[in-house]
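Please look over the following structure with me, asking for each label what makes it apply and setting the value against the cut-off behind it.

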Amino acid sequence: MAMKSSTTTASTKSLFVTFTLLSLLSLSLFIVFFFTSPATQPINSLSENSLLSFQNSIKVYVANLPRSLNYGLLEQYWSSNHPDSRIPTDPDHQISTTHFSKSTKYPPYPENPLIKQYSAEYWIMGDFETPEEMRTGSFAKRVFDVNEADVIFVPFFATLSAEMELGSGSGAFRKKARNGDYLRQKEVLDFVRNTDAWKRSGGRDHVFVLTDPVAMWHFREEIAPAVLLVVDFGGWYRLDTKSSNGDSSGMMIHHTQVSLLKDVIVPYTHLLPRLQLSENQKRHTLLYFKGAKHRNRGGLVREKLWDLLVNEPGVIMEEGFPNATGREQSIKGMRSSEFCLHPAGDTPTSCRLFDAIQSLCIPVIVSDNIELPFEGMVDYSTFSVFVAVSDALRPNWLVSHLRSFSEKQRNEFRQNMAKVQPAFVYDNGHPGGIGPMPPDGAVNHIWSKVHQKLPVIKEAIVREKRKPANTSIPLRCHCT
């Protein structure tokens, strides 16, 4: 009887130990899962796994446009003897074109800051021109059969085309006569519209790089269904006075040809060099801004801010642009300031934001309608200060608000900023962009964002196919 009782006790103890161990194991698994779950981690950039796991890479077919619409356009630019009429000193026409071979297949992109800030088209194309064995770090897989492609990339250097016309000083940009940019835009549209791929999708799976706000200006309505890579949505809004039945007495509607549902916000190309966190030194200025005081449309806030801040202690407001003469001044100003002001200009954003990030100068964003690159991959709130225009325009409010951030908070902002700096870099360090792209660079981030749009693109193509011919669709805004 004693033996039976002893056996029962031992069995009970064994069950208790087993149950305890299982409970501890379950608790451990829960803790590991919960605290390492992506949902609980701050999103700062593409994760290593998502970049290096290419089962989900996007398949891209590059449309076979004439060379004259991309690299040939660069050859035309460099062969010109006319400096840009909009700036006092054009760096591209101060140096001899002998700094590169005229027979080179991939001429360099302009150093003129008015053009260079929009150079995404160059680096994206360079990635596709790179030999396949060197593209192991590229998120976009180039395919040579259009039927295998997820999207069709249209390799038109639209920004360069527009800026060449604007810089000529001819005054013909918005006209069709004697406008080289208009003729190139028309050639691109005629080419893609005559392809089976465009006819099949209505252009919805075609990708255009339109970083310059005026790129493809004459044919925006025609390419509006496509995926557009833009720096922001400024300049893409239109006001219509006619209702869908043609009655002009209807309410005015604000609609746009761009949408976060299908398009991708991409960064400007930064003009100032990258400052490593280990190189950061003591900053003696509270707030820095360099740019034009007077701006149109949403940029009117800039002039008001200028008047409020120009005489504030610890604040530097400088008129100018980081061109050849002002570049060193901009580098010094941003690297010696805790915060860099980013008010709206003619459009909601500018190159200044990305210069600030590369300079580890905490961006102070005063632009209510701003859209930012790679949101969902990059959490800007971890390294930027967002201020409503109405608050920024209150006397003494902005400076007081910035002074309220402790040194510890400012250092945390800079540490987070340093982690995302690579996401806004296009240049891969190879001549002509022909070489491996950094896995965590801007080009890969762009294609990863396009990849996220694929379900919407495919749905739009299917929906369009089932509509009866001659169906009238009223103008309406694309909800974001």
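Q: In this predicted model, which residue in S11 stands opposite Thr 285, and what makes S9 and S11 a pair?
A: Thr 285 stands opposite Ser 337 in S11. Strand S9 (residues 285-291) and strand S11 (residues 337-343) are joined by 3 bridges and run parallel; since a pair needs at least two bridges, the 3 bridges found here satisfy that condition, and the two strands therefore count as paired.

Q: Why are S10 and S13 called edge strands?
A: The open sheet has 5 strands in the order S10-S9-S11-S12-S13, with parallel pairing. Strand S10 (315-319) and strand S13 (385-386) each pair on one side only, and they are the edge strands of this sheet.

Q: What is the strand order in the open sheet of 6 strands, and how do you know that S3 and S4 are paired within it?
A: The order is S2-S1-S3-S4-S5-S8, and the pairing is parallel; the edge strands are S2 and strand S8 (264-265), each of which pairs on one side only. Strand S3 (residues 151-153) and strand S4 (residues 206-209) pair in the parallel sense over 2 bridges, and because at least two bridges are required, that number meets the requirement. Ile 152 stands opposite His 206 in S4.

Q: What makes the contact between Arg 67 and Glu 75 a salt bridge?
A: Side chains of opposite charge can pair when their charged atoms come close. For Arg 67 and Glu 75 the N to O distance is 2.6 Å, and as the rule asks for a side-chain nitrogen of Lys or Arg within 4 Å of a carboxyl oxygen of Asp or Glu, the pair therefore qualifies. By this rule the count comes to 16 salt bridges.

Q: Why are Arg 67 and Glu 75 called partly exposed?
A: Arg 67 has a relative accessible area of 33% and Glu 75 one of 32%. Buried means under 20% and exposed over 50%, with partly exposed in between, so both residues are placed in the class partly exposed.

Q: How do you know that Asp 190 and Lys 186 are separated by about one helical turn?
A: Asp 190 and Lys 186 are 4 residues apart in helix H7 (residues 180-193), which means that about one helical turn separates them. Their closest N and O atoms are 3.0 Å apart, and the two residues form a salt bridge. Asp 190 is partly exposed at a relative accessible area of 35%, and Lys 186 is partly exposed with a value of 35%.

Q: Are Lys 262 and Asp 263 buried or exposed, and what makes them so?
A: Lys 262 has a relative accessible area of 12% and Asp 263 has one of 1%; because the limit for buried is under 20%, Lys 262 is buried, and Asp 263 is buried as well. The two form a salt bridge, with the closest N and O atoms 2.7 Å apart. Elsewhere, Asp 84, Arg 86 and Glu 163 are joined into one network by salt bridges that share partners.

Q: Where is Pro 131, and why is Pro 131 counted as partly exposed?
A: Pro 131 lies in the loop between helix H5 (120-129) and strand S2 (140-143). Its relative accessibility is 32%, and since partly exposed runs between the limits of 20% and 50%, Pro 131 counts as partly exposed. Pro 131 and Ile 434 are 303 residues apart in sequence, and their C-alpha atoms are 8.1 Å apart in space.

Q: How many cavities does a search of the whole structure find, and which elements give two or more residues to the lining of the largest cavity?
A: The search finds 1 cavity of 30 Å³ or more, and the largest cavity has a volume of about 40 Å³. Helix H10 (300-309) and helix H14 (397-403) are the elements that give two or more residues to its lining, with H14 supplying the largest share, 3 residues.

Q: What residue classes make up the lining of the largest cavity?
A: The lining has 7 nonpolar, 1 polar and 2 charged residues. Among the lining residues are Glu 312, Arg 394, Asn 396 and Trp 397.

Key: Residues are numbered from 1 along each chain as its sequence is written. This is a predicted model: local features need pLDDT of at least 70, side-chain atom pairs count only at pLDDT 80 or more; totals for chains, interfaces and linings use all residues. Side-chain values use heavy atoms; hydrogens and water are left out. Buried means under 20% relative accessible area, exposed over 50%, partly exposed in between (1.4 Å probe, protein chains only). On a 1 Å grid over the protein atoms alone, a cavity is a set of points where a 1.4 Å probe fits but cannot get out, and a pocket is an open set with protein on both sides within 12 Å along at least five of seven lines; lining residues have an atom within 4 Å of a point. Grid points are joined across faces, edges and corners, and a volume is the space filled by probe spheres set on the points. Ala, Val, Leu, Ile, Met, Phe, Trp, Tyr, Cys and Pro count as nonpolar, Asp, Glu, Lys and Arg as charged, and the others, Gly among them, as polar.
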